[in-house]
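Trainee: Could you take a close look at the largest pocket with me? I'd like to know what lines the largest pocket and how many nonpolar, polar and charged residues are in that lining.

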Amino acid sequence: GQASSLVSLGTQLGLGSATLVAALLRAVCTPQQMLVWGWRIPFFLAAIPGGVSLYYAQNVEESEEFLEATRNSSNGRIVKESGWDEVKELLQYLPQGVICMTGISSMIALYYVA
């Protein structure tokens with residue numbers, strides 16, 4: 001739904017930001033400056049959202065449902081039944097959707113790898 005679209009939005013915003021930073025660095029720095037110190041700037045800029053994410057991950061409170069599930073599990077791990085029944089049902093009733101999503105996921109993976 002709407003929340004899962006934030007993953008795609010974040011990817012596009014990240015790619016756009018990276019393109020802008022690269023274009024700005026190319027316009028401002030000489031090739032020699034880029035080799036010596038300019039390549040470090042994107043890493044320093046990435047520390048800002050990385051730090052915010054780390055802070056959020058460390059300080060967010062878990063939902064009551066999650067805490068309850070961990071209390072009722074063995075060794076502090078959430079015990080979940082095998083999801084194969086759901087996979088079988090999905091393949092039985094929506095094989096076209098599975099094929100479509102496999103193709104889309106493969107194209108996205110190739111985009112990042114290639």
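Mentor: Here is a walk through the pocket, followed by a word on confidence and on the surface.

Keep in mind that this is a predicted model. The largest pocket holds about 180 Å³ of space. Its lining is made up of Gly14, Ser17, Ala18 and Val21, together with Pro42, Leu45, Ala46 and Pro49. Two helices each put at least two residues into that lining: helix H1, spanning 5–28, and helix H3, spanning 41–59. Sort the lining by class and you get six nonpolar residues and two polar ones, with no charged residues.

How far does the predictor trust its own work? The protein chain has a mean pLDDT of 86, with 90% of its residues at 70 or more. Among the elements, helix H2 (residues 31–36) has the highest mean, 94, while helix H4 (residues 64–71) has the lowest, 79.

Now back to helix H1, since it also holds Leu15. Leu15 belongs to a nonpolar surface patch of about 830 Å², along with Met101, Ile104, Met107, Ile108, Tyr111, Tyr112 and Val113. The biggest contributor to that patch is helix H6 (residues 95–113), which gives seven residues. So much for the tour: helix H1 helps line the pocket, and Leu15 of helix H1 sits in the nonpolar patch.

Notes:
Residues are numbered from 1 along each chain as its sequence is written. This is a predicted model: local features need pLDDT of at least 70, side-chain atom pairs count only at pLDDT 80 or more; totals for chains, interfaces and linings use all residues. Side-chain values use heavy atoms; hydrogens and water are left out. On a 1 Å grid over the protein atoms alone, a cavity is a set of points where a 1.4 Å probe fits but cannot get out, and a pocket is an open set with protein on both sides within 12 Å along at least five of seven lines; lining residues have an atom within 4 Å of a point. Grid points are joined across faces, edges and corners, and a volume is the space filled by probe spheres set on the points. Helices (H or I, at least four residues) and strands (E, at least two) are DSSP runs, numbered from the N terminus. Ala, Val, Leu, Ile, Met, Phe, Trp, Tyr, Cys and Pro count as nonpolar, Asp, Glu, Lys and Arg as charged, and the others, Gly among them, as polar. pLDDT is the predictor's confidence in each residue, from 0 to 100. Patches are made of residues with over 30% relative accessible area and no salt bridge: like charges are joined within 9 Å, nonpolar side chains (Val, Leu, Ile, Met, Phe, Trp, Tyr) within 5 Å. Accessible areas come from the Shrake-Rupley method with a 1.4 Å probe; for residues, only the protein chains shown count as cover. A salt bridge is a side-chain nitrogen of Lys or Arg within 4 Å of a carboxyl oxygen of Asp or Glu.
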